Amino acid sequence: MVLPAGWTGIAVDAQESSEIIDAIGAANPGLGDRIDQVLADTDLRVSAIATGAVVEGKVAPLLLVLAEPRSGRKWYVVKEDTNQRLAGLPGLRGDFSPHQYQLPSAEGVRYDFTIVDDDLGEIRVRSWLFKWGRSAYLVNFVVSADLADGAETDFDAIQDSLQFGA
């Protein structure tokens, strides 16, 4: 994955993820709690985090990669499980339609949806579920709704740079 100019990102292990989520929460009050809630509800782990410039009072463009072992589960089972997890997110609004997607080295599904949060306002999310090797990765692009159009170019560039096994 290649990050656009002005973005910083790191791959994280389990110990580092809570510190980073706390830092995200300090920059975006309420967002750290929201991420912790999603992790608790889905039993996923943070694999990587990247962000662009901080925007006061808004959820700045954020990339959050979650991972889980497939544990021998068939791909259709992983997809259905993810559909159910995402469909059950608190504050989910509007259409929630998964679309098949294929990278050169990974099969995936794309989700576009909006979450309305009492503290954070309206948040746009573009999520990609990919299988690669023995893991499933949920690559999430997250941003305040009123910043979504400006973040689209960065999100597209990151999405187009995704490579597995390269």
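This briefing covers salt bridges in the structure and the surroundings of one asparagine, Asn140. The model is a predicted one, and a search of the whole structure finds 11 salt bridges. Three of these pairs are described below, followed by the place and contacts of Asn140.

**Asp146 and Lys58**

- The side chains of Asp146 and Lys58 meet in a salt bridge, with an N to O distance of 2.6 Å.
- This pair links distant parts of the chain, since Asp146 lies in the loop between β8 (135-144) and α4 (148-161), whereas Lys58 lies in the loop between β2 (45-51) and β3 (62-69), the two residues being 88 residues apart.
- Asp146 has a relative accessibility of 53% and therefore counts as exposed, the threshold for that class being over 50%.
- Its partner Lys58, with a relative accessible area of 30%, is partly exposed.

**Arg124 and Glu122**

- A salt bridge also joins the side chains of Arg124 and Glu122, for which the N to O distance is 3.2 Å.
- Arg124 counts as partly exposed at 34% relative accessibility, and Glu122 likewise counts as partly exposed, at 38%.

**Glu152, Arg126 and their network**

- Glu152 forms a salt bridge with Arg126, and the closest N and O atoms of this pair are 2.3 Å apart.
- Because Glu152 lies in helix α4 and Arg126 in strand β7 (residues 121-132), the pair ties together parts that are 26 residues apart in sequence.
- Glu152 is partly exposed, with a relative accessible area of 34%, whereas Arg126 is buried, with a relative accessible area of 5%.
- Glu152 and Arg126 also belong to one network, in which salt bridges that share partners join them with Arg110, Asp112 and Asp156.

**Asn140 and its surroundings**

- Asn140 is placed in strand β8, and with a relative accessible area of 7% it is buried, the limit for that class being under 20%.
- The side chain of Asn140 reaches the backbone oxygen of Leu138 at a distance of 3.1 Å.
- When its neighbours within four places in sequence are left aside, Asn140 is in contact with the leucines Leu62, Leu63, Leu64 and Leu66, and also with Val125, Arg126 and Ser127.
- Arg126 thus appears in two of the topics above, as a residue in contact with Asn140 and as the salt-bridge partner of Glu152.

Definitions and conventions:
Residues numbered from 1 in each chain as written. Predicted model: local features only at pLDDT ≥ 70, side-chain atom pairs only at ≥ 80, totals over all residues. Heavy atoms only, no water. Salt bridge = Lys/Arg side-chain N within 4 Å of Asp/Glu carboxyl O. Helix = DSSP H or I, 4+ residues; strand = E, 2+ residues; numbered from the N terminus. Buried < 20%, exposed > 50% of the residue type's maximum accessible area, 1.4 Å probe, protein only. Polar contact = N/O pair within 3.5 Å; in protein donor to acceptor, adjacent residues only side chain to side chain. Contact = heavy atoms within 4.5 Å.
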